[in-house]
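Please read the following briefing beside the sequence and the three-dimensional view. The points are grouped by topic, so that each can be checked against the display.

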Amino acid sequence: ALKKVPGVQDASVNLATESARVRFEPSEQIEAQLRRAVRDAGYEPRAADAAQLPQDASPWAGFAPVALGLVLSIPLVLPMLGELFGQHWMLPAWTQFLLATPVQFILGGRFYVGGWHALKARSGNMDLLVAIGTTAGWALSVWLWLRAEPGDMVHLYFEASAVVVTLVLLGKWLEARAKRQTTAAIRALHALRPDVAHLIGPDGEVDVPVAEVLPADRLVVRPGERFPVDGTLLEGHTQVDESMLTGEPLPVPKDPGTRLTGGSINGEGRVLMQVSAVGKETVLARIIRLVEDAQAAKAPIQRLVDQVSAVFVPVVLVIALVTLLGWLWSGQAFETALIHAVAVLVIACPCALGLATPAAIMAGTGVAAKHGILIKDAQALELAHKVDVVAFDKT
């Protein structure tokens, strides 16, 4: 959607940090056009400085809809399990309807919203398949129930739709949980930066937010504190723990004139430093950007997956239509033909094709960053299995 905006040269999206990086030719309307494109694609555009990494939350955060779906779906599945043990019984049709309908339209409402946005953007996505497939199963069951003769035990398919919606919700929850764990590495890097710096101003030493520090400012760093930004040592002698940057386990001696890196830990000396880089220009900020870029980058295999995903939804819809027409042409009843067409849609809808590769890249780069390994891009990660020899220096 972003690449279709006139003037955009390149765009990449990082679903883990819910951010996009866009390279474009400057114009007055470009930002508004980009926001419109994001909104039309079904997302809420936010300013870059408003983007927040998912915070540390309970491992079960957001599980309530999945739990409710399981509670409502399990009674629908139990009669099927009973048949394995020779027990033939079935819930009344009205009970199945009451259990399945909230799962379909309340818990599954997000799939209708996502599918509608995909249709408006003239594209297909998994939400659209889930919505069409499960709605077809639910509607077929209602139709069979309403046209059945009183007293007939007609076979309904409410359980299929309810279970598919619940399982896809479970998959979405697992994805969100993995996303939170993945971004923990980036949060840990952000946590290396202190919030406050001790600025030497006209009135002496004052505490100011790190965001207000400017190049050439003079800062005091006390023993045991982290250096807030990059700079040069002006006064004092100390030893600095730079293991967050170099992996070097021993403190490094620092004398006046030597470079200091934001995020490293000051030793036993109280020192005065002059700021050389702030904000996005610091070494730590560039490391964080590299990790985020590696997570957002598409490996060669992912580009292939994207191409397949783009045509997957329309192909499945065509196969379902061909299935319907084929069974009708062979002389079967419309009900039988419809059941087989719905089966094609339902089986296709929980497809993880567009999800598995980016999730693997996000998890791999996130775990590596947590262990101090910086992977520069997704292609390097994909080619890593071909490595036969690894050379390490002393750190």
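What follows covers salt bridges, sheets, a helix pair and two individual residues.

The model is predicted, and its account begins with the charged side chains, where seven salt bridges are found in the structure. Strands are arranged in an open sheet of six and in another open sheet of three, while helix 3 packs with helix 5 at an angle of about 155°.

**Salt bridges**

- As general background, side chains of opposite charge can pair when their charged atoms come close.
- Within helix 1 (residues 30-40), arginine 35 and glutamate 31 are placed four residues apart, about one turn of the helix, and their side chains meet in a salt bridge with an N to O distance of 4.0 Å.
- Of these two partners, arginine 35 counts as partly exposed because its relative accessibility is 33%, whereas glutamate 31 is exposed, its relative accessible area being 53%.
- Another salt bridge joins lysine 172 to aspartate 127, with 3.6 Å between the closest N and O atoms; this pair links distant parts of the chain, since lysine 172 belongs to helix 6 (residues 158-182) and aspartate 127 to helix 5 (residues 126-147), 45 residues apart.
- Lysine 172 is partly exposed at 26% relative accessibility, while its partner aspartate 127 is buried, with a relative accessible area of 16%, a value that falls under the 20% limit for buried residues.
- Arginine 270 and glutamate 205 also meet through their side chains in a salt bridge, at 2.8 Å from N to O; arginine 270 sits in the loop between strand 10 (265-266) and strand 11 (271-277) and glutamate 205 in strand 4 (residues 204-209), so the pair ties together parts that are 65 residues apart in sequence.
- Arginine 270 is exposed, with 52% relative accessible area, and glutamate 205 is partly exposed, with 33% relative accessibility.
- A network of salt bridges links Glu205 and Arg270 together with Arg222.

**Strands and sheets**

- Six strands, in the order 4-3-5-11-6-9, make up an open sheet in which the pairing is antiparallel; its edges are formed by strand 4 and strand 9 (259-260), each of which pairs on one side only.
- Inside that order, strand 5 (residues 218-221) is paired with strand 11 in the antiparallel sense over four bridges, and valine 220 is found opposite leucine 272 of strand 11.
- Three strands in the order 8-7-10 form an open sheet, again with antiparallel pairing, and here strand 8 (252-254) and strand 10 are the edge strands, each pairing on one side only.
- Strand 7 (residues 238-241) and strand 10 run antiparallel and are joined by two bridges, with aspartate 241 standing opposite isoleucine 265 in strand 10.

**Packing of helix 3 and helix 5**

- In general terms, two packed helices are described by the angle between their axes and the distance between the axes.
- For helix 3 (residues 93-107) and helix 5, the angle is about 155° and the axes are 11 Å apart, which makes helix 3 roughly antiparallel to helix 5, because angles over 145 degrees are counted in that class.
- The crossing of helix 3 and helix 5 is left-handed, and the contact is made on the helix 3 side by Ala93, Trp94, Phe97, Thr101, Gln104 and Phe105, and on the helix 5 side by Thr134, Thr135, Trp138, Val142 and Trp145.

**Two residues in their surroundings**

- Which residues does aspartate 127 contact, once its neighbours within four places in sequence are left aside? They are Arg110, Phe111, Gly114, Gly115 and Lys172.
- Glycine 236 is located in the loop between strand 6 (230-235) and strand 7, where it is partly exposed, with a relative accessible area of 24%.
- Not counting residues up to four places away in sequence, glycine 236 touches Lys254, Asp255, Pro256, Arg270 and Val271.
- Between the C-alpha atoms of glycine 236 and phenylalanine 85 the separation is 81 Å, and the two residues are 151 residues apart along the chain.

Definitions and conventions. Residues numbered from 1 in each chain as written. Predicted model: local features only at pLDDT ≥ 70, side-chain atom pairs only at ≥ 80, totals over all residues. Heavy atoms only, no water. Buried < 20%, exposed > 50% of the residue type's maximum accessible area, 1.4 Å probe, protein only. Pairing = 2+ DSSP bridges. Axes fitted to C-alpha atoms, helices over the stretch in contact; angles between N-to-C directions. Parallel < 35°, antiparallel > 145°, perpendicular 65-115°, else oblique. Left-handed = near helix turned anticlockwise from the far one by under 90°. Contact = heavy atoms within 4.5 Å.
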